[in-house]
Amino acid sequence: MGRAGRLKYRHVRRTVIAVVLAALLLTVLVMVVWRFLESRPVQDLTRRQLVQIVRMKTGLDLEVGNLRWGLVPLRIELRDVVVESPGVALRAARADVDVGAFFLARATLVLNSVELSGLDLRLDGLPEGAGGGGRGPEIDVVIKRLDLSDFRFQGESLPGGIDAAAGGVAVSWVLDGASIQGQTSVARLDLDIPGVEPVSVEGSADFRWSDVLEITSFTVDADGLGVQGRGTVAPDGSEISL
């Protein structure tokens, strides 16, 4: 190998070594940043900031017992969430969100999945709009898959003087193109309607939601009397056909 060849070889070797070292340094830097963002102090700080922003923007009283996330894929995990406003109290034992993408031009946030469990909603009449500070730009949120389990509800002084309580509620859906397909079930629903004997019902339904809400099948059982069928609900709820 001549002198020119040896010089060329040394140059190539130095270039390869420099590239390998740069790649190693970049990898170490990414790992350090990753660990920093996933550290408990950073996530606790984010939790406190989230609570302050929600209170400022919506006027809702929000508490989050624990907030964690993973970066690849981006997943946010909330534990012991409490949201309160006059006449409304919502508690969730667990809320897990897989973030898909954010399209800035369309102001659209896509969530690949949302999993909620241990929800407890209490209403005292119909809630009024919560007062808050200035509102930011509106963002459309698209949920591709929803799983809601172990949902409990208690409502008092609802329209018509109705009191209602439900337990064992489950809802799931999947976004299929432009429509949503899903299932829902209620283990027990107690209704106390003025002038009518209290009634307890249970039921389940499969549905498809696009321009209208199509109940492809439903089953309702009230005190041993079972009803099955299908129906549709107009977008504004003004028309129901069974």
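Visitor: How many helices and strands does the secondary structure of the chain come to?

Guide: This is a predicted model. Read along the sequence, its chain follows the pattern α-α-β-β-β-β-β-β-β-β-β-β-β-β. The secondary structure therefore comes to 2 helices and 12 strands.

Visitor: What share of the residues of the chain counts as buried?

Guide: A residue is called buried when its relative accessible area is under 20%. The chain has 242 residues, and the share that counts as buried is 24%.

Visitor: What part of the accessible surface of the chain belongs to carbon and sulfur atoms?

Guide: The accessible surface of the chain comes to about 16,100 Å². Of this surface, the part that belongs to carbon and sulfur atoms is 61%.

Visitor: Among contacts between residues at least 6 apart in sequence, what percentage joins residues at least 24 apart?

Guide: The contacts considered here are those in the chain between residues at least 6 apart in sequence. Among them, the portion that joins residues at least 24 apart is 40%.

Visitor: How many salt bridges does the count come to?

Guide: Side chains of opposite charge can pair when their charged atoms come close. For a salt bridge, a side-chain nitrogen of Lys or Arg must lie within 4 Å of a carboxyl oxygen of Asp or Glu. By this rule the count comes to 16.

Visitor: Which parts does the salt bridge of Arg68 and Asp44 tie together?

Guide: The side chains of Arg68 and Asp44 meet in a salt bridge at 3.5 Å, N to O. Arg68 lies in strand β1 (residues 61-70) and Asp44 in helix α2 (residues 40-58), so the pair ties together parts that are 24 residues apart in sequence. The parts in question are strand β1 and helix α2.

Visitor: Is Asp44 buried or exposed?

Guide: The limit for a buried residue is under 20% relative accessible area. Its salt-bridge partner Arg68 has 18% relative accessibility and so counts as buried. Asp44 has a relative accessible area of 19%, and therefore Asp44 is also buried.

Visitor: Which residue forms a salt bridge with Arg208?

Guide: Arg208 counts as partly exposed, at 32% relative accessibility. Its partner is likewise partly exposed, with a relative accessible area of 23%. The closest N and O atoms of the pair are 3.2 Å apart, and the partner is Glu214.

Visitor: Which residues are joined into one network by salt bridges that share partners?

Guide: One pair to consider is Glu77 and Arg75, which form a salt bridge with their closest N and O atoms 3.3 Å apart. Glu77 counts as partly exposed at 28% relative accessibility, and Arg75 counts as partly exposed at 22%. Salt bridges that share partners join into one network Arg75, Glu77, Arg79, Arg94, Asp96, Asp98, Glu115, Arg145 and Asp147.

Visitor: Which residues form a negative surface patch?

Guide: A residue in a patch must have over 30% relative accessible area and no salt bridge. One of the members, Asp163, is found in strand β7 (residues 162-176) and counts as partly exposed at 31% relative accessibility. The negative surface patch is formed by Asp124, Glu156, Asp163 and Asp192.

Visitor: What is the phi of Asp150?

Guide: Most residues other than glycine have a negative phi. Asp150 is found in strand β6 (residues 145-158) and is partly exposed, with a relative accessible area of 42%. Although Asp150 is not a glycine, its phi is positive, at about 55°.

Visitor: In which strand does Asp80 lie?

Guide: Asp80 is a residue other than glycine with a positive phi, near 55°. Asp80 lies within residues 75-85, which form strand β2.

Technical notes
Residues numbered from 1 in each chain as written. Predicted model: local features only at pLDDT ≥ 70, side-chain atom pairs only at ≥ 80, totals over all residues. Heavy atoms only, no water. Helix = DSSP H or I, 4+ residues; strand = E, 2+ residues; numbered from the N terminus. Buried < 20%, exposed > 50% of the residue type's maximum accessible area, 1.4 Å probe, protein only. Patch = residues over 30% accessible without salt bridge, like charges linked within 9 Å, V, L, I, M, F, W, Y side chains within 5 Å. Areas by Shrake-Rupley, 256 points an atom, 1.4 Å probe, with all protein chains shown as cover. Lys, Arg positive; Asp, Glu negative; His and termini not counted. Charge placed at Lys NZ, Arg CZ, Asp CG, Glu CD. Contact = heavy atoms within 4.5 Å.
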